[in-house]
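User: I'm new to this one and would like a quick tour. Could you put it up so we can talk it through?

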Amino acid sequence: MNYLWAFVVGGALCVAGQLLVDLTSLTPARILTGYVVAGVVLSATGLYSPLAELAGAGASVPLLGFGHLLAQGVQKAVAEQGLLGAFTGGLTAASGGIAASLVFGVLAALFGKSRDQS
């Protein structure tokens, strides 16, 4: 049943994103940013945890999960360090994922073959 809910929720998030691309003049970058902000807002209002509990990876893997991770990192850092934590907490919480994406991006660029796109 967990797989079903992950598929349904993750699929619904993807369908909503695709509808935003197709039916509005929003750019993909704005839609992606909106998903991250939505994750922060859902986390701040306490609605993200029940969604993640229900959907598992269907809610935690997409950009909503990244927004939630940033928000949780900021909350923890502010509790520990005060106002300075608002600037450092999100990046500290997400640093593993950010570093991994950079390393794998560089490896793909080094070992992959570039092809002409035209």
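Analyst: Sure, and keep in mind that this is a predicted model. A good place to start is the largest pocket, where H1 gives the most to the lining, with five residues.

User: Which elements give two or more residues to the lining of the largest pocket?

Analyst: The lining includes Leu13, Cys14, Gly17, Gln18 and Val21, and also Pro28, Ile31, Leu32 and Tyr35. Match those numbers to the helices and you get helix H1 (2-23) and helix H2 (28-44).

User: How do the residues of that lining divide into nonpolar, polar and charged?

Analyst: Gly17 and Gln18 are both in the lining, and Gly and Gln count as polar here. Leu, Val, Ile, Pro, Cys and Tyr count as nonpolar. The split comes to nine nonpolar, two polar and no charged.

User: What volume does the largest pocket have?

Analyst: Pro62 and Leu63 also help line the largest pocket. As for its volume, the value is about 180 Å³.

User: Is Leu91 buried or exposed?

Analyst: Leu91 sits in helix H6 and belongs to a nonpolar surface patch together with Leu32, Leu63, Phe66, Leu69, Ile98 and Leu102. Its relative accessible area is 56%, and the cut-off for exposed is over 50%. So Leu91 is exposed.

User: How far apart in space are Glu80 and Gln18?

Analyst: Glu80 is in helix H5 and is exposed, with a relative accessible area of 57%, while Gln18 is one of the residues lining the largest pocket. In sequence Glu80 and Gln18 are 62 residues apart. In space, C-alpha to C-alpha, the distance is 39 Å.

Key: Residues are numbered from 1 along each chain as its sequence is written. This is a predicted model: local features need pLDDT of at least 70, side-chain atom pairs count only at pLDDT 80 or more; totals for chains, interfaces and linings use all residues. Side-chain values use heavy atoms; hydrogens and water are left out. Patches are made of residues with over 30% relative accessible area and no salt bridge: like charges are joined within 9 Å, nonpolar side chains (Val, Leu, Ile, Met, Phe, Trp, Tyr) within 5 Å. Accessible areas come from the Shrake-Rupley method with a 1.4 Å probe; for residues, only the protein chains shown count as cover. A salt bridge is a side-chain nitrogen of Lys or Arg within 4 Å of a carboxyl oxygen of Asp or Glu. Helices (H or I, at least four residues) and strands (E, at least two) are DSSP runs, numbered from the N terminus. Buried means under 20% relative accessible area, exposed over 50%, partly exposed in between (1.4 Å probe, protein chains only). On a 1 Å grid over the protein atoms alone, a cavity is a set of points where a 1.4 Å probe fits but cannot get out, and a pocket is an open set with protein on both sides within 12 Å along at least five of seven lines; lining residues have an atom within 4 Å of a point. Grid points are joined across faces, edges and corners, and a volume is the space filled by probe spheres set on the points.
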